[in-house]
Amino acid sequence: MTEPILKLTDLDFAYSDKRVFTGLNYTLNQGDFLSIVGENGVGKTTLMKLILQELKPTGGELAFLPTRQAVKVGYVPQFRNIDPEYPLCIEDFVGLNFAKVGLPWLTKKERQRVTEILAETKLTPMRKRPLGQASGGEKQKAYLAQALLDKPNLLILDESTASLDPVAKTELLDLVKQLNEDLALTVIFVTHDIPLARRYANKYLFLTPGNYEADDITALTDEKVGRMRNV
Ligand SMILES: Nc1ncnc2c1ncn2[C@@H]1O[C@H](COP(=O)(O)OP(=O)(O)OP(=O)(O)O)[C@@H](O)[C@H]1O
C-alpha cells in the first residue's frame, strides 16, 4: 500500500511582492519517483527550498508524513565545477556529512558506512582521487553518495544531471532508480529534460506560471508538453 511522505496543501509562496505559486496541492507517496518540470523561473528551485525548509510557505501547508522526524531528506545539487586544487579526495568528501565540530575523524561505524556507500555508488575504484580532478559524472556521483550517506528516505535531485553527458546521466539515474526500486527510496527529480523524466519517473508535476498539472508520467505526452509550454 502506498503511504504519503509529503503533502502540499494550498501552498502559496511569494518573495515579498513576487508571487511564485499559489494554491499548490500535491501528495507524494513513498516510493514515488516524481519529476518536477517547467520553464525557467516558474518556481522549481523555490519549491525545493520549501521542502528543504530553507524557506517558509507564505500560505497553506507543507507537511512531512507520518511525522517530520520520520522523513530524512537527502539533496544532490546542480552540477558545480570544483576547483582542481580542491583538497579532499572522493572518499573524504563523501564522509564530510558525518563531520562534527571538534571531532573531524570518523568512528569505525561511520567509516564502514562510507565504504558501503562508495561501493553502492560504484566509486570504490576512484575513492582516493582528488575530487577536483574527477570527471563530471564522478563528481555528481560523489554528491549523490554524500547525500545518501545518512540513509535518507526522500532524495532530491535538483537538475543534478543537467551538465552531464548522456552516459554519465544514465549512470547516475540508473543508480538512483535502483535505490528507488530496491529500497522504495522516494525521489524528486527536478529537470528540463522531458525524455529523461519519462524514462525514470512514474509521476510528474508540471509547473507553469500561476498554475500546475500533476499526473502519472504516461500522461506527459509531447502534445501536452507543447500546450503547457505555451500557457
Ligand atoms: N531570493 C529571491 N528573491 C526574489 N525573487 C526570487 C528569488 N529567488 C528566485 N526568485 C524569483 O522567483 C521565481 C522562481 O524562481 P526559481 O529559481 O524557483 O525558478 P526555477 O523554476 O527553479 O528556474 P530555473 O529553471 O531557471 O532554475 C523567478 O521569477 C525568480 O526570479
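**The ligand shell, the core and the two domains of a predicted model**

In this predicted model, the ligand is surrounded by Y15, K18, V20, G38, N40, G41, V42, G43, K44, T45 and T46. By residue class, this shell is made up of three nonpolar, six polar and two charged members. Two elements of secondary structure, strand 2 (18-29) and helix 1 (44-51), each contribute at least two residues to the shell. Helix 1 is the main contributor, supplying three residues.

It is helpful to place this site in the chain as a whole. The secondary structure consists of seven helices and nine strands. Along the principal axes, the C-alpha atoms occupy a box of roughly 50 × 40 × 35 Å. The radius of gyration is 18 Å, which agrees with the value near 17 Å for a compact globule of 231 residues. Buried residues make up 34% of the 231 in the chain. Among contacts with a sequence separation of 6 or more, 69% join residues that lie 24 or more positions apart.

The domain assignment divides the chain into domain 1 (1-72 + 153-231) and domain 2 (88-151). The centres of domain 1 and domain 2, taken over C-alpha atoms, are separated by 26 Å. Nine residues from domain 1 and nine residues from domain 2 take part in the contact. On the side of domain 1 that touches domain 2, helix 5 (residues 166-183) gives the most, with four residues. The residues on that side of domain 1 comprise five nonpolar, two polar and two charged.

Turning to the interior, nonpolar side chains in soluble globular proteins tend to be buried together. The largest nonpolar core in the model holds 57 residues, of which L34, V94, A142, A145, V187 and F189 touch the most other members. Helix 4 (residues 136-148) gives the most to this core, with six residues. Both domains take part, as the core draws at least three residues from each of domain 1 (1-72 + 153-231) and domain 2 (88-151). L34 offers a good view of the packing: beyond its neighbours within four places in sequence, L34 contacts L28, V187, I188, F189, A201, K203, Y204 and L205. Two of these partners, V187 and F189, are themselves listed with L34 among the core residues that touch the most other members.

Several individual positions also deserve a look, starting with the N-terminal strands. A14 belongs to strand 1 and is partly exposed, because 14 other C-beta atoms lie within 10 Å. Apart from its neighbours within four places in sequence, A14 is in contact with R19, V20 and T58. One of these partners, V20, is also among the residues around the ligand. A14 and P57 are 43 residues apart in sequence, yet their C-alpha atoms are 8.1 Å apart in space.

Strand 1 (4-15) and strand 2 are joined by a loop that contains S16. S16 is not a glycine, but its phi is positive, near 40 degrees. With 6 C-beta neighbours inside 10 Å, S16 counts as exposed. A positive phi is also found at K151, another residue that is not a glycine, with a value of about 50 degrees. K151 sits in the loop between helix 4 and strand 6 (154-158), and K151 counts as exposed because it has 11 C-beta neighbours inside 10 Å.

Two further loop positions complete the picture. The peptide bond from L65 to P66 is cis, with omega near 0 degrees, and P66 lies in the loop between strand 4 (59-64) and strand 5. E85 is located in the loop between strand 5 (73-76) and helix 2 (90-95). E85 has 8 C-beta neighbours inside 10 Å and therefore counts as exposed. In sequence, E85 and G132 are 47 residues apart, while in space 6.0 Å separate the two from C-alpha to C-alpha.

Definitions and conventions:
Residues numbered from 1 in each chain as written. Predicted model: local features only at pLDDT ≥ 70, side-chain atom pairs only at ≥ 80, totals over all residues. Near = placed C-beta within 6 Å. Nonpolar A, V, L, I, M, F, W, Y, C, P; charged D, E, K, R; others polar. Core = buried A, V, L, I, M, F, W, Y, C linked by C-beta atoms within 7 Å. Buried ≥ 20, exposed ≤ 12 C-beta atoms within 10 Å, placed from the backbone. Domains from an automatic or database assignment. Contact = placed C-beta atoms within 7 Å. Rg over C-alpha atoms; globule rule 2.2 N^0.38 Å.
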